[in-house]
Amino acid sequence: MTRETKAIRKHFIAALGATALASAAAAPAQTYPSRPVDFIVHVNPGGGTDVFARLVTEIMTREKMVAQPLVVQSRTGGAGVVAFTYAKSKRGDPHTVLTIATGSFLTAASRPDLDLGLEHFTPLAFFARDPQGIIVNADSKYRNFKDLIDDAKGRPDAIVCAVTSATGTGRQTLWRLERETGTRFKFVTFKAGSEAVLSVLGGHVPFTTENVSEAWAHIEAKKMRVLAVTTEQRMPALPDVPTLTELGYKVQIGTGRGFVMPAGVPKEAAAAMEALLEKVHKSERWREYAVNNLYENRWMGSAEFTRYLAEQREAQREFVESLGLGKKP
């Protein structure tokens, strides 16, 4: 190879390198999401968290906010622990989104034995709070909240309440009621709030402390009755139903609904999903759903939601410790 040929070859390789660099610089960054996104829920299909996730993904798809499929997956078990552990295992993967009910999520995050602390997740957005109710069958002998409490005081540990899990928001509501009223109840768990409601509707369990929205169709049909609600003020849809606060009990609680990603995801991807979720929250379809399902509607972006979860986890510790779950084995 002559000196002149070598010079030409060197120049040609340099030119190819420059062209490749220029092409790379000109190419747009990979769009997020670049593949299907899994929305993980910890309850069976039909539960409040599942319905919430499906609505949000349906709005994204219908309004063509994303080009990739959005797949809702149920991973049940362990009062949410199975789903939360799975999401944690997807560290760095922005194509895994965990749909959370804040009660179960924060209880797990407060248990050192589970290693599911908030540091393992990237909060994205908070959508609303789903109020709890003290709900009975329409034929129940309990005509009001006082009837239930008076009976419970005379029969400790005899009356059963239907809840979704031993650590979820329904169970926490019952725990707070016991502290405030000096009563003791038994409870039975179901895989979804809808199942807990059906157990009361069928007369198998006396009452439930699950979300009012879970039982709303039966309440409207006058097959179920709400004795009290956990909101700060009376619910517009139930103007004749008292709050526990006005009855003299310091119980304000509800199932917060939101989304997190695993820890370690690219900041750009988390910001992109947060922006998509905010579009959903501003959509007419979401606003109608929030009203129709009795939600206390409130948007929190990633930064505010991160602070909120940290604050709520501190408040959760007493409940966790009362169950003997606050220490490592």
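**Note on the fold, the cores and the loop geometry**

1. P33 is located in the loop that links α1 (3-26) to β1 (37-41); helices (H or I, at least four residues) and strands (E, at least two) are DSSP runs numbered from the N terminus. The peptide bond leading from Y32 into P33 is cis, with omega near -5°.

2. Basis of the note. The model is predicted, so local features need pLDDT of at least 70 and side-chain atom pairs count only at pLDDT 80 or more, whereas totals for chains, interfaces and linings use all residues. Residues are numbered from 1 along each chain as its sequence is written, and side-chain values use heavy atoms, with hydrogens and water left out.

3. Overall composition. The chain contains 11 helices and 11 strands. Of its 329 residues, 51% count as buried; buried means under 20% relative accessible area, exposed means over 50%, and partly exposed covers the range in between (1.4 Å probe, protein chains only). The accessible surface of the chain is about 15800 Å², and 52% of this belongs to carbon and sulfur atoms; such areas come from the Shrake-Rupley method with a 1.4 Å probe, and for residues only the protein chains shown count as cover. Among contacts (heavy atoms within 4.5 Å) with a separation of 6 or more, 76% are between residues 24 or more positions apart.

4. The sheet. An open sheet of mixed pairing is formed by 6 strands in the order β2-β1-β3-β10-β4-β11, where two strands pair if DSSP finds at least two bridges between them. The edges are β2 (70-74) and β11; each has a single partner strand, so one side of each is left without a neighbour in the sheet. Neighbouring strands are turned by 20° against each other on average, direction ignored. At one edge, β1 and β2 run parallel and are joined by 5 bridges; V37 has L70 of β2 as its bridge partner.

5. Packing on the sheet. Helix α9 (residues 267-282) packs on the sheet and touches β1, β3 (96-101), β4 (121-131), β10 (254-262) and β11. The direction of α9 makes about 20° with that of β4; axes are lines fitted to C-alpha atoms, for helices over the stretch in contact, and angles run from 0 to 180 degrees between N-to-C directions.

6. Nonpolar cores. A nonpolar core is a set of buried Ala, Val, Leu, Ile, Met, Phe, Trp, Tyr and Cys residues joined through side-chain atoms within 4.5 Å. The largest has 32 residues, of which M60, F127, M273 and W286 touch the most other members. Two or more residues of this core come from each of β1, α2 (48-62), β2, β4, β10, α9 and α10. Leaving out residues up to four places away in sequence, M273 touches Y32, V37, F39, M60, V97, L124 and M261. Another core lies apart from the largest one and has 21 residues, including F105, L106, L118 and V260.

7. Helix α6 (residues 169-181). At 1.5 Å times one less than the number of residues, the 13 residues of α6 should span 18 Å, and the end C-alpha atoms are indeed 18 Å apart. Of these 13 residues, 10 are buried, so that α6 is mostly covered; among them are R171, Q172, W175 and E178. Just after α6, G182 takes a positive phi of about 75°.

8. Positive phi outside glycine. K222 has a phi of about 65° although it is not a glycine, and lies in the loop between α8 (212-220) and β9 (224-229). L294, also not a glycine, has a phi near 65° and is found in the loop between α10 (284-292) and β11 (296-300). Their surroundings may be read from accessibility: K222 counts as exposed because its relative accessibility is 69%, while L294 counts as buried at 10%.

9. A237 and its contacts. A237 lies in the loop between β9 and β10 and, at 36% relative accessibility, is partly exposed. Residues up to four places away in sequence aside, A237 touches W216 and L294. The C-alpha atoms of A237 and W216 are 10.0 Å apart, with these positions 21 residues apart along the chain as the separation.

10. A buried acidic residue. D151 belongs to helix α5 (residues 145-154) and counts as buried because its relative accessible area is 17%. Beyond its neighbours within four places in sequence, D151 is in contact with K141, Y142 and I159.
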